[in-house]
Every structure is written in structure tokens, then in C-alpha cells.
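Reader: I am new to this structure and would like a close look at one part of it. Please take the surroundings step by step.

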Amino acid sequence: MLNGERVLLRPIARQDLPEIWRLLEDLEVAVRSDAGPIHPVSLARYEARFDREAADPSKDEAWFVIEVDGRAIGQGGLYRIDHFNRRCELGIALGRVHWGKGFGQDAVRTLVGYAFEYLSMNRVSLQVLAEDPRAVGAYRKAGFVEEGRLRQQGWVRGRFHDELLMSILRDEWESTGESHPEPAGN
Ligand SMILES: CC(C)(COP(=O)(O)OP(=O)(O)OC[C@H]1O[C@@H](n2cnc3c(N)ncnc32)[C@H](O)[C@@H]1OP(=O)(O)O)[C@@H](O)C(=O)NCCC(=O)NCCS
């Protein structure tokens, strides 16, 4: 369990899948968060994927349900976790009704804290549609900075769109006061 200011991040359980599927299998969510073609994905496929991953957990990913007041609002996590270069990527998606209420930036801060504090990462990065001001705004508020613009990187709704490459480094996170190191001697 990871506590944010308003969100709680916990492991995904099989019984979460119907609600996560309902929240995230939404065209408006999918076009913003999926890098590939948009296909309808059944709940049965969510469950089959969950079962496969439960039987053979991936070591380079860590996904959580994002909860507010005991209800799932979305999911988020870290992937491509690379312990040699100490870097990983961050992904997040909330159900549409939960957008724009500050939950995303809280969950992103919590994931970043987990990456630096518990996984010893040095860099967390992501790619986001340049024309999605809500997502870019949430990442900026959580301390991410733009480090590049990938021109015409993704095909979304009939045309190519630019994406921003954003990242936060351990030094930057420490200087924001988000880190809470244990007092010396503990
Ligand atoms: C991206 C996402 C996780 C962000 O979470 P969120 O809870 O909606 O965002 P927040 O409310 O925490 O932060 C948005 C910030 O952007 C700012 N912002 C700037 N322009 C905005 C706009 N046009 N519309 C909404 N917010 C805007 C807001 O003001 C807010 O900052 P604030 O705290 O100063 O008000 C969520 O919107 C989502 O799941 N979207 C669909 C999937 C997706 O895009 N995933 C990311 C793929 S990279």
C-alpha cells in the first residue's frame, strides 16, 4: 500500500478487474493512454492477462489500483524498470469522471516517491501527447520537466500528433522536499 495525500495505491486484485475495465475501456481514456491501435478489449481478456501475469509475474513492472475513499478510480504503475541504469517509465490512467480533480498528480507523486525511495531509481520518464494539457499539467505539478518533443510520434484520431518526453531525476525530487529520508541512526 502506498499512501498519497488523497489517493491510496494498492496491488491489483482479480475482483478489481470489472471496475477497472469499466473505467478504462473508454475511447477517451484509450486514445490518450494507448500507444498502439485502439481495439476493443473484453473483460475476459483483462482476466486472462491478469491470470497469466499472476502465474509468471514480470520483474520489470509494478502496477497499482488507484483508490479514493475505498473506490477504484484507475490504475498506474512503473514499467521497463531497469535496475542497472536505475530508470523506469511511468504510466497512469483514471476513469473519465475522475479527471481534473487533482487525483492524477497525487498518484504520480506517489509513484515517483515509490520509484526513488523503494526501488532506488534515478530517473522516471514518460511520453505524453503534447496536446493533452491536463496530463502535461498533472506531470508538471508532480515535478516532471520536458526534455524533448517527439514530432509526429503517434497516430491519434486520423492524424499524427507530437508527444513530449518528460522526466524527473532523483536530485530534482530530493530538492522539492518530496523525499522523507529516515533520520540518521534509524
Ligand atoms: C492524465 C491524468 C492521469 C491526469 O490526472 P488528473 O487527475 O486528470 O489531473 P490533475 O487534476 O491532477 O492535474 C491536472 C493539472 O493540469 C492543469 N491543466 C492545465 N490545462 C488544463 C486543461 N486544459 N484541462 C484540465 N487541466 C488542465 C490543471 O490545472 C491541473 O493542475 P492544478 O492542480 O494546478 O489545477 C488523467 O487525466 C487521465 O487519466 N487521463 C486519461 C489517460 C491519460 O491521458 N493518461 C496519460 C497518458 S501519458
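Is histidine 161 buried or exposed, and what relative accessibility puts it there?

Author: This is a predicted model. Histidine 161 has a relative accessibility of 10%. Buried means under 20%, so histidine 161 counts as buried. Histidine 161 belongs to strand S8, which runs over residues 159-169. Its side chain reaches the backbone oxygen of valine 156, at a distance of 3.1 Å. Val156 also appears among the contacts of histidine 161 when neighbours within four places in sequence are left aside. The others in that set are Leu129, Glu131, Leu150, Gln152, Gln153 and Gly154.

From there, the ligand can be taken up. There are 22 residues around the ligand, and Leu94, Gly100, Gly104, Gln105 and Lys141 come nearest. By class, this shell has 10 nonpolar, 7 polar and 5 charged residues. Several elements each supply at least two residues of the shell: helix H2 (27-33), strand S5 (87-94), helix H4 (103-117), strand S6 (123-129) and helix H5 (133-141). H5 gives the largest share, with 7 residues.

Polar atoms of the protein also lie beside oxygen atoms of the ligand. In the side chain of lysine 141, an N or O atom is 2.6 Å from a ligand oxygen. For glycine 102, a polar backbone atom is 2.8 Å from an oxygen atom of the ligand. For arginine 134, a backbone N or O atom lies 3.4 Å from an oxygen atom of the ligand. On its own the ligand has 950 Å² of accessible area, and the protein covers 74% of this.

Helix H4 is one of the elements that supply the shell. H4 has 15 residues, and at 1.5 Å a residue these should span 21 Å. The end C-alpha atoms of H4 are 21 Å apart, which agrees with that span. Of the 15 residues of H4, 13 are buried, so the helix is largely enclosed by the rest of the structure. Glutamine 105 lies in this helix, and its relative accessible area of 18% makes it buried. Not counting residues up to four places away in sequence, glutamine 105 touches Ala138, Lys141 and Ala142. Lys141 and Gln105 are both among the residues that come nearest to the ligand.

Helix H5 also holds arginine 140. With a relative accessible area of 48%, arginine 140 is partly exposed. Leaving out residues up to four places away in sequence, arginine 140 touches Glu146 and Met166. Arginine 140 and isoleucine 168 are 28 residues apart in sequence, and their C-alpha atoms are 9.5 Å apart in space.

Strand S5, another supplier of the shell, includes leucine 90. Leucine 90 counts as buried because its relative accessibility is 3%, and the limit for buried is under 20%. Not counting residues up to four places away in sequence, leucine 90 touches residues including Gly77, Leu78, Tyr79, Val108, Leu111 and Val112. Val124, Ser125, Leu126, Tyr139 and Phe144 are also among its contacts. Leucine 90 and alanine 62 are 28 residues apart in sequence and 9.7 Å apart in space, C-alpha to C-alpha.

How values were computed:
Residues numbered from 1 in each chain as written. Predicted model: local features only at pLDDT ≥ 70, side-chain atom pairs only at ≥ 80, totals over all residues. Heavy atoms only, no water. Helix = DSSP H or I, 4+ residues; strand = E, 2+ residues; numbered from the N terminus. Buried < 20%, exposed > 50% of the residue type's maximum accessible area, 1.4 Å probe, protein only. Polar contact = N/O pair within 3.5 Å; in protein donor to acceptor, adjacent residues only side chain to side chain. Contact = heavy atoms within 4.5 Å. Near = heavy atom within 4 Å. Areas by Shrake-Rupley, 256 points an atom, 1.4 Å probe, with all protein chains shown as cover. Nonpolar A, V, L, I, M, F, W, Y, C, P; charged D, E, K, R; others polar. Expected span 1.5 Å × (residues − 1).
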